[in-house]
Amino acid sequence: MGPENQSSVSEFLLLGLPMRPGQQRGFFTLFLGMYLTTVLGNLLIILLIRLDSRLHTPMYFFLSHLAFSDISLSSVTVPKMLTNMQTRRQSIPYVGCIVQLYFFMIFGGLDNFLLAAMAYDRYVAICHPLRYTAIMREGLCVLLVAGCWILSCAHALLQTLLLVRLSFCADSTISHFFCELTALLKLSCSDISLNELVIFTEGGMLYLLPLCIVLSSYVRIGTIILRVPSTERLFKAFATCGSHLFVVSLYYRTVASVYLLSSSWDSKDIIASVMYAVVTPMLNPFIYSLRNRDIKQALEMCVNRLTSLSGKN
């Protein structure tokens with residue numbers, strides 16, 4: 001049988017997570033709980049930032065967009081995975097697969113760029129504290145976030161357009177729980193050398209450039225702190241950058257394990273993808289709330305307001 005072209009491929013088959021049939025109910029409950037925690041936790045972060053005027057600063061402006069991106073990143077993949085577990089139907093339409101891939105790349109890239117913008121914000125706050133307000137003005141913050149969105153959308157659009165021109169073989173089984181780019185390329189019967197070249201050059205550049213910004217920002221911060229070392233200064237820097245640095249290390253570690261350290265998709269790579277697409281967005285609200293005094297104070301104020309309102313009623 002000859003290969004089928006892309007117009008005849010009406011759907012793909014998602015193999016999902018590597019688990020036994022008897023484990024589906026337990027995994028469904030686990031991932032449903034993780035997804036609800038992700039959505040509610042990040043929505044709480046956005047709500048607190050909007051309600052508390054003390055959080056109307058550049059750092060929390062970027063954080064609110066990161067929280068929205070994390071909700072969206074999980075929402076692109078987890079609901080479909082949960083539906084497949086519940087209905088025991090693993091198919092996804094061709095158009096639905098392409099749409100899922102497009103939005104996954106948008107929000108995955110958006111996380112990457114926002115973390116770089118947040119690193120630059122922390123660099124200015126620590127290395128140029130007297131000029132912080134003048135440098136990180138509202139217009140620049142809006143411009144940085146707009147740039148993050150534009151680059152993410154352009155990257156996702158380019159990769160998607162290069163993918164849809166390919167022909168796919170009769171075997172349309174994706175060894176993953178969502179439509180992932182490299183997993184889809186393995187199903188193609190066409191020449192994918194251009195796709196691989198663009199992924200290596202354009203994709204690599206768009207991920208390495210923000211990483212370089214993050215690393216150079218923290219190297220500069222460390223250099224400034226070590227020039228005049230003091231316990232108070234170290235504590236202040238850790239309080240300012242600790243949460244962001246932890247999120248950055250978690251994000252890039254999972255990305256590296258998925259896209260750089262794997263040669264073929266197996267159960268370990270799928271678990272790494274779960275860490276990247278599901279676990280990391282769930283952990284971010286806890287990292288920023290448990291290690292952040294401003295968020296804790298905003299939460300306490302919100303709870304006190306609700307308590308007083310309920311007492312009056």
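**Exercise 1. Two helices side by side**

At what angle do helix H1 (residues 24-51) and helix H2 (residues 58-87) pack, and how far apart are their axes? Work out their relative direction too.

*Solution.* Keep in mind that this is a predicted model.
- Step 1: look at the pair. H1 and H2 pack at an angle of about 160 degrees, and their axes lie 9 Å apart.
- Step 2: compare that angle with the cut-off. Angles over 145 degrees count as roughly antiparallel, so H1 is roughly antiparallel to H2.
- Step 3: check the hand. The crossing of H1 past H2 is left-handed.
- Step 4: sort the residues of the H1 contact with H2. You get 20 nonpolar, 7 polar and 1 charged.

**Exercise 2. Another helix pair**

Find the angle at which H3 and helix H7 (residues 193-227) cross, then name their relative direction.

*Solution.*
- Step 1: the axes of H3 and H7 cross at roughly 20 degrees and come within 9 Å.
- Step 2: the cut-off for roughly parallel is under 35 degrees, so H3 is roughly parallel to H7.
- Step 3: the hand of the H3 and H7 crossing is left-handed.

**Exercise 3. Hunting for cysteine links**

How many disulfides does a search of the whole structure find? Track down the cysteines involved, then check on Cys127 and Cys153.

*Solution.*
- Step 1: the search of the whole structure turns up 1 disulfide. Its partners are Cys97 and Cys179, with sulfur atoms 2.0 Å apart.
- Step 2: place the partners. Cys97 sits in helix H3 (residues 94-127), while Cys179 is in the loop between strand E3 (173-174) and helix H6 (181-185). They are 82 residues apart, so the pair links distant parts of the chain.
- Step 3: get the hand. The torsion about the S-S bond of Cys97 and Cys179 is about -125 degrees, so this disulfide is left-handed.
- Step 4: look at burial. Cys97 and Cys179 are both buried.
- Step 5: now use the cut-off, under 20% relative accessible area for buried. Cys127 has 15%, so Cys127 is buried. Cys153 has 24%, so Cys153 is partly exposed.

**Exercise 4. Reading the sheet**

In what order do the strands of the open sheet stand? Say which ones are at the edges.

*Solution.*
- Step 1: write down the order. The open sheet has 3 strands, E2-E1-E3, and the pairing is mixed.
- Step 2: find the edges. Strand E2 (91-93) and E3 each have a single partner strand, so one side of each has no neighbour in the sheet.
- Step 3: zoom in on one pairing. Strand E1 (residues 11-14) pairs with E3 in the parallel sense, over 2 bridges.
- Step 4: pick out a facing pair. Leu14 stands opposite Ile174 in E3.

**Exercise 5. Far in sequence**

Is Ala277 buried or exposed? Then find how far its C-alpha atom is from that of Ser74.

*Solution.*
- Step 1: locate Ala277. It is found in helix H9 (residues 267-290).
- Step 2: its relative accessible area is 0%, so Ala277 is buried.
- Step 3: compare chain and space. Ala277 and Ser74 are 203 residues apart along the chain, yet 6.0 Å separates their C-alpha atoms.

**Exercise 6. The whole chain**

How many helices and strands are there in the protein chain, and what share of its residues counts as buried?

*Solution.*
- Step 1: the protein chain holds 10 helices and 3 strands.
- Step 2: from the N terminus on, its elements run β-α-α-β-α-α-α-β-α-α-α-α-α.
- Step 3: of its 313 residues, 46% count as buried.

Note on methods: Residues numbered from 1 in each chain as written. Predicted model: local features only at pLDDT ≥ 70, side-chain atom pairs only at ≥ 80, totals over all residues. Heavy atoms only, no water. Axes fitted to C-alpha atoms, helices over the stretch in contact; angles between N-to-C directions. Helix = DSSP H or I, 4+ residues; strand = E, 2+ residues; numbered from the N terminus. Parallel < 35°, antiparallel > 145°, perpendicular 65-115°, else oblique. Left-handed = near helix turned anticlockwise from the far one by under 90°. Nonpolar A, V, L, I, M, F, W, Y, C, P; charged D, E, K, R; others polar. Disulfide = S-S within 2.5 Å. Buried < 20%, exposed > 50% of the residue type's maximum accessible area, 1.4 Å probe, protein only. Pairing = 2+ DSSP bridges.
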